[in-house]
Amino acid sequence: MNVEVQAPEEFQGAVVGQLNQPARHHPEHRNHEGYLIASAHVPLSGDVRILDGSPLGDAGQGEYSMEFAKYQPVPRSTQEQMIKEFREKQAAAKK
């Protein structure tokens with residue numbers, strides 16, 4: 001997904017730190033009239049956590065938007081974890 005975050009400049013460290021995590025790609029940011037505008041390509045499973053539980057999200061002063069960018073295979077380790085969780089849910093449902 002392509003994600004764009006807009007927030008007051010005081011939250012720049014928190015937002016840029018989130019966008020610079022290994023699973024995110026091509027992070028960019030700029031400042032405009034007291035606001036930070038940051039963007040990156042992120043996996044769908046991780047995008048909404050950019051603001052949730054952060055000082056920015058708790059303060060309710062930032063917002064983000066996302067749009068579909070492309071399909072891409074998940075890393076092998078992520079695939080294995082997803083399969084494991086799915087099988088555990090299936091086993092629990094059969095009980």
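This passage walks through the sheet, the helix packed on it, and the main pocket of a predicted model.

The sheet comes first. Four strands make it up, laid out in the order 2-3-1-4, and the sheet is open, with antiparallel pairing. Strand 2 and strand 4 (63-67) sit at the edges; each has a single partner strand, so one side of each is left without a neighbour in the sheet. Going from one strand to the next, the twist averages 15°.

Strand 1 (residues 2-8) and strand 3 (residues 35-41) run antiparallel and are joined by seven bridges. Take Asn-2, for instance: its bridge partner in strand 3 is His-41. Helix 1 (residues 12-19) packs on this sheet, where it touches strand 1, strand 2 and strand 3. The direction of helix 1 makes about 5° with that of strand 3.

Then there is the pocket. The largest one has a volume of about 730 Å³, and 20 residues line it. Lying nearest its centre are Val-42, Pro-43, Leu-44, Gln-72 and Val-74. As for secondary structure, strand 2 (25-32) and helix 3 (76-94) each supply at least two residues of the lining. Strand 2 thus turns up in two places, as an edge strand of the sheet and as a contributor to the lining of the largest pocket. Sorted by class, the lining of this pocket comes out as twelve nonpolar, seven polar and one charged residues.

Notes:
Residues are numbered from 1 along each chain as its sequence is written. This is a predicted model: local features need pLDDT of at least 70, side-chain atom pairs count only at pLDDT 80 or more; totals for chains, interfaces and linings use all residues. Side-chain values use heavy atoms; hydrogens and water are left out. On a 1 Å grid over the protein atoms alone, a cavity is a set of points where a 1.4 Å probe fits but cannot get out, and a pocket is an open set with protein on both sides within 12 Å along at least five of seven lines; lining residues have an atom within 4 Å of a point. Grid points are joined across faces, edges and corners, and a volume is the space filled by probe spheres set on the points. Ala, Val, Leu, Ile, Met, Phe, Trp, Tyr, Cys and Pro count as nonpolar, Asp, Glu, Lys and Arg as charged, and the others, Gly among them, as polar. Two strands pair if DSSP finds at least two bridges between them. Axes are lines fitted to C-alpha atoms, for helices over the stretch in contact, and angles run from 0 to 180 degrees between N-to-C directions. Contact means heavy atoms within 4.5 Å.
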